[in-house]
Amino acid sequence: MSNKKNSLSKSTLIRSIQCSKSLYLYKNNFQLRDKPSTTQQQKFDRGHRIGKLAHQYFPGGKDCSPPNPFSYDTSIAATKLLVQQQFAVIYEAAFKYNGILVALDILENKNGKWYAHEVKSSFRISNTYLLDAAIQYYIITKSGIELEDFDIVTINNDYVFDGTLAISSYFKCTSVMKEIMERIPFVEKTIEEAIATLSSDTMPNIDIGAHCNKPYPCDFQGYCWKNVDADSIWYLPGISMQEKSSFIEKGINKIQDIINTDEFNARQKVIIQSFQKQQVHIDADKLRAFVQPIQYPLYYFDIEAFQPAIPIFPNTKPYERIPFLYSLHYKENADSPLEHICYISPVGNDDRENFVQHFLLATEKTGQILVFNTLMEKGILFKMATDFPQFKTQILERINRIIDIEVPFKELYYYHPAQQGSFSLKAIGNAMLGIDEFSHSIVKDGEEAMAVYNELFYWENKEEVQSKLEHLKTYCYTDTFVLSKIVDVLAQQVKM
Ligand code: SF4
């Protein structure tokens, strides 16, 4: 294996374990790959940042990172030299064996013995991380370096930031030598199969399925899923991907093809029948019982939070949810105009206390507070009540006024066939209102909002930051505006 098209790396081997067709496409039709989303890009950047931070855990190293992704030969040569010199700590140490390239975050030399450290920006060690480590171990040792130990460096879930980052408490190391050894035969088999895939002129014949999202969302979904119809069995919610595959094997490709619904549960039957008849399903009694207690004045509320992996504010943990934006629509009575207020925390400051105070003031007047899926809002408000006990009574009073508008959809008191099996606010709004209000918003969902705000802490251009904050406000405004319209439609339904 010598040319670039046939070369392999740790990430392409992991790709081939997920799906050999993905490896084939990556090497032969790279241009078909989906562009990384803002959220995925933020995860890459975060991983890179945590990797750099880990250098402080193993200080004094020499960095062998290549000047660009096409110059790994310089990294391999630099690593070789430093290994010969028995240098104490090497960052981004690169190795190649049989045409397979791996880079290790940190290679450490202690008393003439080599120790490998691979950094991950999560709390737990997944099977994919162990496979990663086994591939690295295999190539490094085959390149002639004996490893005394191999550990995965993760973030310590128990760490609480006190204002100064304590690197030795933030990270934790776990030896995975035993798990690596168990996976070596699998690594050898994977390498053989990946080489066979690359040597072939034909793309592997692999159907779409559960593997398209496990362990990672495959970046060829745009290509492989593009001809999947909206009424495909793949979009039927509430059944596993394995069950969907078995329907397809039996020739049932579309929801329309289902004749006998006996083997489906009550929820699935509602969705199938609604789709087949193209009719809205309404459980009138239950919907009425839910909607009737909702009385003006009403607040429509949404919070956005971000989760910094490296804590920024004192008394917070890694990945703790920190609210930064809320949107609140308010309607006094059926004839009054829909008013709006929002609040976004300035980037850089610990603004949680102002945030809570602003929210409490904005919701001072009586009125039920309607949200879509209470988990996020209630979770954040309960945490604020703990962190700011001076506001506890008021916060708990607001929590008691919350009503979850997701309930009638989750419980199928109402289902619109245009939801296409999705129960997101956006899908429900599009289906009920017949218009995509989010088409005006550059930020498309809560996950993206979180990713965008998180990155702003590393941006220096104030105008660009301000522009992004406006995009975030537009997104959050749209969320509560759509929520208010959905509630209007539900109210009309029970009047009919
Ligand atoms: S989208 Fe699915 S089938 Fe297509 S390459 Fe990716 S994992 Fe394989």
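**Exercise 1. Look at the hairpin formed by β3 and β4: how many residues lie between the two strands, and which residue in the turn has a positive phi?**

Solution. Keep in mind that you're working with a predicted model.
- Start with the strands: β3 covers residues 89–97, and β4 covers residues 100–110.
- Now the link: two residues sit between β3 and β4 in this hairpin.
- In that turn, N98 has a positive phi of about 55°.
- The two strands run antiparallel and are joined by eight bridges. As one example, F95 has V102 in β4 as its bridge partner.

**Exercise 2. Which other strands are joined to β4, and in which direction do they run, parallel or antiparallel?**

Solution. Strands of a sheet pair through backbone hydrogen bonds, in either direction.
- Go to β5 (residues 113–119): five bridges join β4 to this strand, and the pair runs antiparallel. Here L107 stands opposite A116.
- β4 and β5 make a hairpin too, with two residues between them, and N111 in the turn has a positive phi of about 50°.
- Then try β1 (residues 8–9): two bridges join β1 to β4, and this pair runs parallel. L8 stands opposite I100 in β4.
- Last, check the cover: nine of the eleven residues of β4 are buried.

**Exercise 3. In what order do the strands of the open five-stranded sheet lie, and which are the edge strands?**

Solution.
- Walk across the sheet and you get β11-β10-β9-β12-β13, with mixed pairing.
- The edge strands are β11 (339–344) and β13, since each pairs on one side only.
- Neighbouring strands here are turned by 25° against each other on average, ignoring direction.
- Zoom in on β9 and β12: they run parallel, with three bridges between them. Y299 stands opposite I369 in β12.
- Now add the helices. α12 packs on the sheet, touching β9, β10 and β11, and its direction makes about 10° with that of β10. α18 (residues 462–495) packs on the sheet as well, touching β9, β10, β11 and β12, at about 40° to β10.

**Exercise 4. Which residues of α13 are buried, and what covers them?**

Solution.
- First the helix: α13 (residues 374–387) has 14 residues and reaches 20 Å from first C-alpha to last, close to the 20 Å expected.
- N373 caps its N-terminal end, with a side-chain oxygen 3.0 Å from the backbone nitrogen of L375.
- The buried residues are T374, M376, E377, I380, L381, M384 and A385.
- To make sense of that spacing, recall that an α-helix has 3.6 residues a turn, so residues three or four places apart point the same way.
- The cover includes β9, β10, α12, β12, α14 (392–400) and β13 (402–404).

How values were computed: Residues are numbered from 1 along each chain as its sequence is written. This is a predicted model: local features need pLDDT of at least 70, side-chain atom pairs count only at pLDDT 80 or more; totals for chains, interfaces and linings use all residues. Side-chain values use heavy atoms; hydrogens and water are left out. Helices (H or I, at least four residues) and strands (E, at least two) are DSSP runs, numbered from the N terminus. The expected span of a helix is 1.5 Å times one less than its number of residues. Buried means under 20% relative accessible area, exposed over 50%, partly exposed in between (1.4 Å probe, protein chains only). Contact means heavy atoms within 4.5 Å. A polar contact is a pair of N or O atoms within 3.5 Å; within protein, one must be able to donate a hydrogen and the other to accept it, and residues adjacent in sequence count only if both atoms are side-chain atoms. Two strands pair if DSSP finds at least two bridges between them. Axes are lines fitted to C-alpha atoms, for helices over the stretch in contact, and angles run from 0 to 180 degrees between N-to-C directions.
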